[in-house]
Amino acid sequence: CPQPGAVLPQRRCGRGAGAAMSERGATGPGPAAIQVSRIMRPDDANFAGNVHGGIILKMIEEAGAIISTRHCNSQDGEPCVAALARVERTDFLSPVCIGEVANVSAEITYTSRHSVEVQVNVMSENILTGAKKVTNKATLWYVPLSLKNVNKVVEVPPIQYARKEQEEEGKKRYEEQKLDRLETKQRNGDVIFPIINPEPHTVGYSQSSLIHLVGPSDCTLLGFVHGGVTMKLMDEVAGIVAARHCKTNIVTASVDAINFHEKIKKGSVITISGRMTFTSNKSMEIEVFVDADPFVDEGRERYRAVSAFFTYVSLSKEGKPLPVPQLLTETEDEKRRFEEGKGRYLQTKAKRQAQLQQAALH
């Protein structure tokens, strides 16, 4: 990576400094894929020169919103805007550095009657050497909402599949995410309370919250918060929790499924809260959720809008992985959450090993 603060030369672009969008023919089912590109600047990165995971998540969501909104308005019907409903597990395979260009490509891979699945890949590019590497892969689900009635979900135009198996596999993914969203929503009653004089490496010591007033620049045409804005704020809070626990440089390693349970309206005050749930030798799991206070709607009480689990790793000044201090659990709830996090960690580890073994066979 370039040294922190170093900025590579940048060409002017008619769509705004450092940003561009191009279309290419689809390489599979569905409409033409899109690509959104942007050069990474110093204000996108941490003190080590690596781009914040929240910046990448925001770019991923913007690309997904563009292609899904475009597709949902591709046939005669009610004008609509695609709203983010869920982001599947996203792994940060490699960091993006200041001065590099992040190329985000998005393609629709499945549609149900009322939802769109979008596959997004992020590739970093060093524009001095031409070197490229894949940094992120993500799957997002969108729901089209009518411009005339924000509570109305409109029908999605179907896409054509090259093979029948593609449609069947997509339907299976759709049913799985639908079930997981329902299960997640049912366990969303937790609240984070402040702890007086917490001990280091306990849950209370590192837990953090951020309060944000939702303004017009945070919102879509419908007056509700962009999913990418919410994910960026969630990543910031998760990063604070991880840094407080380790006292070192930290980076986002992955994000478990992010579920958007309810829309957040312009003028609301949102509280983004994060707490450590599990630590392994080299990683930390942080639970983050977003609660909304809809002050513009006096008849509505505070509600849980979004929830997710983020995984971080601790790095030295040279960018080498460091051991993570063991999380000290004190209450029965903290011990239960630790065991649940351990289960997710072991499941992910086993899945990754199975993928490596399968790749070795081919």
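**Terms and evidence in a predicted model**

Trainee: Why is Gly227 called buried?

Mentor: The relative accessibility of Gly227 is 6%. Buried means under 20% relative accessible area, exposed means over 50%, and partly exposed lies in between, with a 1.4 Å probe and protein chains only. The value of 6% falls under 20%, so Gly227 counts as buried. The model is a predicted one, in which local features need pLDDT of at least 70 and side-chain atom pairs count only at pLDDT 80 or more, while totals for chains, interfaces and linings use all residues. Residues are numbered from 1 along each chain as its sequence is written, and side-chain values use heavy atoms, with hydrogens and water left out.

Trainee: Where does Gly227 lie, and how far in space is Gly227 from Lys58?

Mentor: Gly227 belongs to helix 4; helices are DSSP runs of H or I with at least four residues, strands are runs of E with at least two, and both are numbered from the N terminus. The C-alpha atoms of Gly227 and Lys58 are 7.6 Å apart, although 169 residues separate the two in sequence.

Trainee: What makes Val154 buried, and where is Val154 found?

Mentor: Val154 sits in the loop between strand 7 and helix 2 (164-186). Its relative accessibility is 8%, so Val154 also counts as buried. Its C-alpha atom is 9.6 Å from that of Val81, at a separation of 73 residues along the chain.

Trainee: What makes the contact between Glu285 and Arg344 a salt bridge?

Mentor: A salt bridge is a side-chain nitrogen of Lys or Arg within 4 Å of a carboxyl oxygen of Asp or Glu. The N to O distance between the side chains of Glu285 and Arg344 is 2.8 Å, which meets that limit, so the pair qualifies. Glu285 lies in strand 12 (residues 284-293) and Arg344 in helix 5 (residues 332-361), so the salt bridge ties together parts that are 59 residues apart in sequence. Glu285 is buried at 7% relative accessibility, and Arg344 is buried at 19%.

Trainee: How many salt bridges does the structure hold, and why are Arg163 and Glu165 a pair of this kind?

Mentor: The structure holds 18 salt bridges. In the one between Arg163 and Glu165, the closest N and O atoms are 3.6 Å apart, which is within 4 Å, so the pair qualifies. Arg163 has a relative accessibility of 43% and is therefore partly exposed. Glu165, with a relative accessible area of 40%, is partly exposed as well.

Trainee: Why are Asp333 and Arg336 separated by about one helical turn?

Mentor: They are three residues apart in helix 5, which means a separation of about one helical turn. Their side chains meet in a salt bridge with an N to O distance of 3.6 Å. Asp333 is partly exposed at 46% relative accessibility, and Arg336 is partly exposed at 36%. Elsewhere, Asp291, Asp293, Arg302 and Arg304 are joined into one network by salt bridges that share partners.

Trainee: How do you know that Asn197 is exposed, and what is notable about its phi angle?

Mentor: The relative accessible area of Asn197 is 69%, so it passes the cut-off for exposed. Asn197 is not a glycine, yet has a positive phi of about 50°. Its place is the loop between helix 2 and helix 3 (203-206). His201 is found in the loop between helix 2 and helix 3 and has a positive phi of about 70° although not a glycine. With a relative accessible area of 29%, His201 is partly exposed.

Trainee: What makes a region a pocket, and which residues lie nearest the centre of the second largest one?

Mentor: On a 1 Å grid over the protein atoms alone, where a 1.4 Å probe fits, a pocket is an open set of points with protein on both sides within 12 Å along at least five of seven lines; lining residues have an atom within 4 Å of a point. The second largest pocket has 31 lining residues, with Ala82, Ala83, Leu84, Leu145 and Lys263 nearest its centre. Its space is about 620 Å³, a volume being the space filled by probe spheres set on the points, which are joined across faces, edges and corners.

Trainee: Which elements supply at least two residues each to that lining, and how is the lining divided by class?

Mentor: Helix 1 (53-72), strand 3 (80-87), strand 7 (132-146) and helix 4 (227-246) each do so. The lining has 19 nonpolar, seven polar and five charged residues. Here Ala, Val, Leu, Ile, Met, Phe, Trp, Tyr, Cys and Pro count as nonpolar, Asp, Glu, Lys and Arg as charged, and the others, Gly among them, as polar. Leu145, one of the residues nearest the centre, is therefore classed as nonpolar, and Lys263 as charged.
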